[in-house]
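Here is a short briefing on the inside of one protein model. Keep the sequence and the 3D view open as you read.

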Amino acid sequence: MALDLARWQFGIVTVYHFLFVPLTIGLSLLVAGMQTAWVRTGDERWLRMTKFWGKLFLINFAMGVVTGIVQEFQFGMNWSDYSRFVGDVFGAPLAIEGLLAFFLESTFLGLWIFGWDRLPKRVHLATIWIAGIGTMLSAYFILAANSWMQHPVGSAVNPANGRAEMNDFGAVLTNPTAVGAFLHTITASFLTAGMFVLGIAAYHLVRRNEIAVFRSSLRLALVTVVVAGIGTMITGDLQARLMTEQQPMKMAAAEALYQTSSPASFSLFTIGSLDGSQELWSIRVPRVLSFMATGSPNGTVEGINDIQQASVAQFGPGNYVPDIPVAYWSFRVMIGFGALAILLALVGAWLQRRKQVPTQRWFAWAALAGIGFPIVANSVGWIFTETARQPWAVYGLMKTANGVSPSVGPWSVATSLIVFTVLYAVLAIVEVGLLVRYARRGPDPLPPPPTESSDEPRPLAVAY
């Protein structure tokens, strides 16, 4: 009971935190690009865009910090045995993330907020770029830690103390799983930020509000979503092949493929038995799964039954099959909502060429709804990544059931689960309320430039 509750709590907190991360990463660099355009051209339209989208970025960043702090507390609360086992390896990239990447982004973000009209233009521009780079570094170190759980490298288990100990930090940081996950996360982050800008810009354009600012925002968003969407598909294909090589059970679970197949088809829709153990009816595309998994349309993809037998032979008796319906549908929801975002951007680009976007009310509503497409795709993507690895906490080394805190009972976990869930619900209301309020308001007018004859002291100039 305590194990199930601890897993629910970790899942809720993790998914909630990750709602903010991709938008923060992508929007930080889009805002940096907007400010660069202003510094290079002197066009005040880009300055107003920078301040408007920067305000929404700061709201999201602050909420991500709050939820991220709670995220790491759980390792000591509910997963103490896991922490003891992985601490020598898992703790290193997380420590670097906190001491280097997070302080880099937070320090220079503070300089950006309070440096308007107090720092030289190019120095001030550098602060937002460094903050944006800091968000990417932060993502990489966290993904390096998570990727070690997916594909443990650069370490060995000490039989004397039963702990995983690092013997090659470079191997941990250059883990191919980490590189693939980082590229996929960054492209997905730009997709998320692009859809966010696209939805809000379309909303204002259909109301003929600040046409110059939001037309440029819309064009930037359309390009960002299309390019990032292509990048997400390419990096997702890389991820699928790494997953097949390193965690074949996860790939088989994604397709609910029980029998080894060559070639293997991809099912667009499947109806199975209630326990997920049998396929009753499906719509299939021939050879697509083989190409996704191996790069060849005739490639062999191992089935769940064969992988289960191999796992028993390697690791001992037990059930090594994850929850198949969850893996199957989360994989498809991830792909489906990502594809919808790209399709919407392509439609917007076509309308933009025909100069119809500002007058298409249906597109504005579709774009607003589209803000949620990549957010849903990101969330279920993480659900797939973590649940389809089960029963492993660290693949091949430690099962999830062995990582829970032995001294924490069900009532303690249930209490913290309820408290965190209610707290996060309140934070969600605050976050959405602030974003909606400032997004609907639109960009503020620029203050008039100070007169040369004024002897009044200048007030503290901040961005917002």
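The points below cover cores, pockets, a cavity and two buried residues.

This is a predicted model. Its largest nonpolar core has 55 residues. Its largest pocket has a volume of about 1500 Å³, and about 980 Å³ lies in the second largest pocket. One cavity reaches 30 Å³ or more.

**Nonpolar cores**

- Within the 55-residue core, W53 and F196 have the most contacts.
- Helix 7, spanning residues 176-206, gives the most to this core, with eleven residues.
- Another core lies apart from it and has 25 residues. Among them are M251, A264, M334 and V380.
- W53 is in contact with L27, V31, M34, F196, V197, I200, A201, F214 and S217, leaving aside neighbours within four places in sequence. So the two residues with the most contacts inside the largest core, W53 and F196, also touch each other, with heavy atoms within 4.5 Å.

**Largest pocket**

- The lining of this pocket counts 49 residues. F10, T14, V15, H17 and Q71 are the closest to its centre.
- Helix 1 (2-18), helix 2 (21-41), helix 3 (44-77), helix 4 (80-114), helix 5 (121-150) and helix 14 (372-387) each supply at least two lining residues.
- Helix 1 provides the largest share, ten residues.
- By type, the lining divides into 26 nonpolar, 16 polar and seven charged residues.

**Second largest pocket**

- Here 39 residues form the lining. H184, T232, G236, Q239 and M334 lie nearest the centre.
- M334 also belongs to the 25-residue core.
- Helix 5, helix 7, helix 8 (211-246), helix 12 (324-353) and helix 14 each supply at least two residues of this lining.
- Helix 8 gives the most, with ten residues.
- The lining residues are 20 nonpolar, 17 polar and two charged.
- Helix 5 and helix 14 each supply at least two residues to the lining of the largest pocket, and each also supplies at least two to the lining of the second largest pocket.

**Cavity**

- The largest cavity has a volume of about 70 Å³.
- Its lining is made up of Q247, M249, K250, S311, F315, Y320, A388, R389, Q390, W392 and Y395.
- Helix 9 (248-255) and helix 11 (304-315) are the elements that give two or more residues to this lining.
- Six of the lining residues are nonpolar, three are polar and two are charged.

**Y395, a residue of the cavity lining**

- Y395 sits in the loop between strand 5 (392-394) and strand 6 (398-399).
- Y395 counts as buried because its relative accessibility is 19%, and the cut-off is under 20%.
- Not counting residues up to four places away in sequence, Y395 touches M149, Q150, P152, Q246, Q247, P248 and R389. Q247 and R389 also line the largest cavity.
- Y395 and H184 are 211 residues apart along the chain, and their C-alpha atoms are separated by 21 Å. H184 is one of the residues nearest the centre of the second largest pocket.

**S416**

- S416 is found in helix 15, residues 410-441.
- S416 is also buried, because its relative accessibility of 15% falls under the 20% cut-off.
- S416 is in contact with Q9 and M77, leaving aside its neighbours within four places in sequence.

Notes:
Residues numbered from 1 in each chain as written. Predicted model: local features only at pLDDT ≥ 70, side-chain atom pairs only at ≥ 80, totals over all residues. Heavy atoms only, no water. Core = buried A, V, L, I, M, F, W, Y, C linked by side-chain atoms within 4.5 Å. Buried < 20%, exposed > 50% of the residue type's maximum accessible area, 1.4 Å probe, protein only. Helix = DSSP H or I, 4+ residues; strand = E, 2+ residues; numbered from the N terminus. 1 Å grid on protein atoms, 1.4 Å probe; cavity = no way out; pocket = protein on both sides within 12 Å on 5 of 7 lines; lining within 4 Å. Points joined across faces, edges and corners; volume = space filled by probe spheres on them. Nonpolar A, V, L, I, M, F, W, Y, C, P; charged D, E, K, R; others polar.
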